[in-house]
Every structure is written in structure tokens, then in C-alpha cells.
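Visitor: I have a multi-chain model open here and would like to talk through how its chains meet. Could you walk me through it?

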Amino acid sequence: MNGAHDLGGMHGFGPVDPEPDEPVFHHDWERRVFALNLASGFLGQWNIDMSRYAREQMPAAEYLATTYYEHWLFGLEHLLVKKGLVKPEEIEARVAELRRQRVGRPAAGS
Amino acid sequence: MRVLKGADVEQVIRKSGGARVHVELPAKFKAGDRVVARNLHPLGHTRLPRYARGRRGVIDRDHGVFIFPDTHAAGTGQKPQHVYAVRFDARELWGEAAEPRQFVYLDLWESYLDPA
Amino acid sequence: MSHDHDHHHDHDHDPDHPGEHGAPLSGPALRVKALESLLVEKGLVDPVALDQLIDRYETKVGPRNGARVVARAWTDPAFKRRLLDDTSSAMAEFGYTGRQGENMVVVENTPTIHNMVVCTLCSCYPWPVLGLPPVWYKSAPYRSRAVIDPRGVLREFGVELRDDVEVRVWDSTAELRYLVLPLRPAGTQGMSEEQLAEIVTRDSMIGTGVVNGLSAR
């Protein structure tokens with residue numbers, strides 16, 4: 001698909017700006033989503049080409065505004081839902097529950 | 001469904017087979033052949049970047065036979081075929097104002113290529 | 001598929017310190033936690049496997065692997081020949097096999113050819129010899145510019161090539177994974193293979209750097 005991921009030759013993204021001595025993961029959730037992707041892929045419900053295609057389907061504006069592992073998160077959810085392994089309602093319910101636990105009261109948005 | 005267990009991680013990673021398909025298939029192209037990338041714009045998954053579509057290049061090498069991602073991602077089959085490293089002159093890709101002595105190599109499946 | 005629209009980037013909140021009582025996790029952190037808990041509950045992922053995967057790629061695999069391959073190629077002409085002719089088999093001599101490195105190709109820098117590797121479409125990178133890619137490799141600036149302005153990108157990395165050098169940018173569009181064999185710097189004749197491995201930088205094996213004889217960075 002002619003998605004935002006097809007970046008070769010585009011202008012306007014600014015300098016490469018490498019971070020010196022950067023860590024492999026910048027946040028714990030990045031570690032977890034990395035491992036979840038690999039472990040979920042092992043289930044054999046999709047192949048690597050499907051997983052790349054899943055990430056490509058992130059809406060273009062969102063793709064460009066988010067980080068690499070957010071793309072992985074999107075792709076993983078997309079595949080898990082598509083293959084019926086998890087329902088969207090389950091994810092939203094669990095997110096709401098965790099948010100309530102964190103804040104100590106019913107979430108009023110965050 | 002099998003679940004990946006901790007004890008299996010190392011072996012699973014090491015023994016990963018990858019996308020190569022060990023089957024003998026005739027190769028449509030060989031090193032030195034002039035080719036043109038097709039101008040295709042599928043809605044599904046493809047690994048032919050927009051910047052190379054319709055562009056002329058030269059086969060640098062034949063990497064052998066691999067799973068074809070366009071069909072594999074759609075669940076319509078592996079459709080194994082030769083993948084080639086194709087050398088494109090920067091001026092072919094980006095116009096006459098592009099720098100000389102600059103080349104981009106893309107790995108392209110036979111389905112993406114026509115003889116030029 | 002619904003996506004939580006409260007999912008903003010909470011830069012005020014450090015997702016690495018969720019233990020602070022009442023501090024909300026950032027959008028992605030919360031969502032990943034939710035997913036992980038669901039997948040573990042459903043028995044689809046094993047938490048031990050998750051930890052093993054993280055440990056492997058965070059601590060066990062990295063550019064030191066590729067540096068050893070380069071140092072061997074610099075000091076052992078027969079190995080170098082094998083590396084160029086059948087990269088995957090040569091790397092298997094070190095045990096550097098597996099996921100995202102099953103089909104390796106080494107491209108050699110010469111005084112008149114400089115190679116650079118990118119994956120414009122995503123982030124394809126030779127994990128067994130370089131580990132996981134750095135953020136800049138996976139981000140839009142590099143992915144967009146490497147193929148159209150490689151000399152400009154190199155300049156940003158402090159590399160200035162002579163005009164007569166041919167630049168070859170390899171876009172990893174398929175499952176071949178590329179490693180650049182950088183030029184051995186002058187003045188390193190007396191160094192052992194181990195010492196040479198110490199000076200080979202990750203960026204020199206991606207092609208955004210060169211190896212200097214004097215320093216490791």
C-alpha cells in the first residue's frame with residue numbers, strides 16, 4: 001500500500017540526529033511490546049509479512065507522529081484482534097481497569 | 001496453538017529459517033540484465049517502494065528464491081520466486097540534478113520486474 | 001479497531017517509574033501492560049519467554065558480534081573470501097545465525113566505493129551481528145534521506161567522502177540483511193584481531209561511519 005511508511009526520498013523530516021550511546025530500549029513498555037510481538041508471532045497465527053502490513057495500516061498522520069515501538073503496538077493489537085485472539089472490548093476494559101488502579105479512583109480521562 | 005516457552009527462546013531464534021525457499025526455479029534474469037520496476041500500486045502489502053516504480057536498473061545479483069511478501073501477507077500463498085539486487089543510478093531515481101557516482105540497490109522480487 | 005483517543009504522549013509522566021503511587025502510566029505503557037496481562041492470562045504468552053527475549057536482545061546480542069567478524073576479515077584473507085562469497089555460512093562459523101540474519105550479505109568498502117545500508121520501508125537490520133537497530137535508523141529522517149542524499153547524511157555523521165568515491169545505498173527491501181565491511185584504517189598493522197574488534201564501530205558496519213585507527217568512536 002502507498003502508506004506513510006514508504007519514506008524513501010521524502011523531504012522535510014529534518015536531521016538524522018543520532019543519540020550517542022543510546023540504550024537498546026528507552027522505556028520499559030518498549031521492552032515489553034518488543035517481546036510480546038515476537039512471542040505472539042510464534043503462535044503461528046500470522047507471518048512476518050502480515051505483521052509488517054499490519055503496522056503499515058496505521059493511519060498516515062498517526063504513523064508519522066508516533067515512535068517506532070508505538071507502531072509495533074498498533075500492529076500487534078491489529079493482528080491479535082483480526083485473528084480473534086483478543087477482543088477490542090477486552091483491551092479497552094483492561095486499560096480502564098489499570099488506569100483506575102493507578103489513579104486510585106475511577107478514571108475521568110487522563 | 002503452541003506457546004513459546006522460556007527454555008525454547010534461544011533455539012527458536014537461532015534456528016529461524018527465514019524466507020528463503022529451497023526449491024529450484026528458473027531465473028528470469030541474471031546479473032547485467034537491464035530491467036524496469038513495474039508501476040504497481042497495490043492496496044495490500046508490497047516491498048516495492050514508490051521511488052523505484054517505473055525506474056530502470058541493472059541486475060547486480062540473483063539472491064535466490066524467497067517467499068513473496070505481497071501474497072504471503074494476504075494469506076494467498078508463498079509464491080516463491082527469485083529476488084534480485086537491482087542497481088539504480090541516482091539520476092534515474094531522482095532526476096538529472098542528482099549527484100553522480102551515487103547508486104541505490106534494491107532487493108526486488110521477479111514479480112516486480114520487467115525486462116527493459 | 002478502536003484506539004484509545006486519550007492516548008496522548010504524557011511526557012510529564014515517566015513510564016519507567018510507575019511505582020510512584022498514583023502516577024499514571026503513559027498511553028503506550030498502559031496499553032502494553034493491558035495487552036501483556038491479557039495475553040498471559042489467556043496462556044498465549046509465557047512471561048518467562050518474554051523476559052528471555054528481552055534479555056537476549058538487550059544484553060546478549062550487539063555490534064560487538066559484527067566487530068569480531070570485521071576484525072577476522074581484516075586479518076584472515078581466507079575468511080574474508082568466505083565472508084564475501086557466502087556470508088551466512090561464514091557468520092555461522094561464529095554462531096551468528098538466526099532471526100533477521102538468516103540471509104546475510106557483506107558489502108565491502110574500498111578506497112573508491114562506500115556502502116551504506118537502510119530500510120526505507122521499516123527497520124530491517126542484521127540482528128545477529130548488530131543487535132537491534134538504533135532509533136535514528138528506524139526513524140523518518142534517515143529512512144527518507146539515505147536513498148536521496150546519502151552524502152548529506154554521511155556529513156551529519158562526520159563522514160566526508162572524496163568526490164571520486166562511488167556511494168552505494170542498499171535498501172533492505174527483502175529478507176537479505178546487509179553488513180558493511182569497513183576499510184581497515186592505516187596504522188593498525190601491529191594490532192591483534194581482538195584489538196581490531198575493539199575499534200570497529202556499529203556505525204561503520206551500517207555505513208554511516210568509518211573506522212578511525214585512533215579511537216573506538
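Guide: We can take the chain contacts, a shared sheet and the individual chains in turn, bearing in mind that this is a predicted model.

Visitor: Start with B and C, then. How many residues does each chain bring to the contact?

Guide: Chain C contributes 32 residues and chain B contributes 29 residues. On the side of chain C that touches chain B, α2 (47-60), α9 (150-156) and β3 (166-171) of chain C each supply at least two residues.

Visitor: And which of those elements gives the largest share?

Guide: That is β3(C), which provides six residues of the side of chain C that touches chain B. By class, the residues on that side of chain C divide into 15 nonpolar, eight polar and nine charged.

Visitor: What does β3(C) actually join to in chain B?

Guide: Strand β4 (residues 102-109) of chain B is joined to β3(C) by five bridges, and the two strands run parallel. Within this pairing, Val104(B) stands opposite Val169(C) in β3(C). As a general point, strands of a sheet pair through backbone hydrogen bonds, either parallel or antiparallel.

Visitor: What sits on the other side of β4(B), and how does that strand run, parallel or antiparallel?

Guide: Strand β3 (residues 81-89) of chain B is joined to β4(B) by seven bridges, and these two strands run antiparallel. Here Tyr84(B) stands opposite Leu108(B) in β4(B).

Visitor: So what is the full strand order of the sheet?

Guide: The sheet is open and has seven strands in the order β5(B)-β1(B)-β2(B)-β3(B)-β4(B)-β3(C)-β2(C), with mixed pairing. Its edge strands are β5 (113-115) of chain B and β2 (113-118) of chain C, each of which pairs on one side only. From one strand to the next, the twist averages 35°.

Visitor: Switching to chain B by itself: what is its pattern along the sequence?

Guide: Chain B has three helices and five strands, and read along the sequence these follow the pattern α-β-β-α-β-α-β-β. The radius of gyration of chain B is 17 Å, well over the 13 Å that the globule rule gives for 116 residues, so chain B is more spread out than a compact globule.

Visitor: What does its C-alpha trace span along the principal axes?

Guide: The C-alpha trace of chain B spans about 55 × 30 × 30 Å along those axes. Buried residues make up 39% of the 116 residues in chain B. Of the contacts in chain B with a separation of 6 or more, 61% are between residues 24 or more positions apart.

Visitor: Now chain C: what helices and strands does it have, and which domains are assigned?

Guide: Chain C has eleven helices and four strands, and the domain assignment divides it into domain 1 (27-59) and domain 2 (61-206). The C-alpha centres of domain 1 of chain C and domain 2 of chain C lie 31 Å apart. In chain C, buried residues make up 52% of the 217 residues.

Visitor: Last topic, the contact of A with C: how many residues does it take from each?

Guide: That contact takes 53 residues from chain A and 49 residues from chain C. On the side of chain A that touches chain C, the elements giving two or more residues are α1 (28-41), α4 (68-82) and α5 (88-103) of chain A. The largest share of that side, eleven residues, comes from α1(A), and by class the side of chain A that touches chain C has 28 nonpolar, ten polar and 15 charged residues.

Conventions: Residues are numbered from 1 along each chain as its sequence is written. Chains are lettered from A and ligands numbered from 1 in the order in which they are written. This is a predicted model: local features need pLDDT of at least 70, side-chain atom pairs count only at pLDDT 80 or more; totals for chains, interfaces and linings use all residues. Two residues are in contact if their C-beta atoms, placed from the backbone, lie within 7 Å. Ala, Val, Leu, Ile, Met, Phe, Trp, Tyr, Cys and Pro count as nonpolar, Asp, Glu, Lys and Arg as charged, and the others, Gly among them, as polar. Two strands pair if DSSP finds at least two bridges between them. Axes are lines fitted to C-alpha atoms, for helices over the stretch in contact, and angles run from 0 to 180 degrees between N-to-C directions. The radius of gyration is taken over C-alpha atoms; the globule rule is 2.2 Å times the number of residues to the power 0.38. A residue is buried if 20 or more other C-beta atoms lie within 10 Å of its own, exposed if 12 or fewer, and partly exposed in between; C-beta atoms are placed from the backbone. Domain bounds come from an automatic or database domain assignment.
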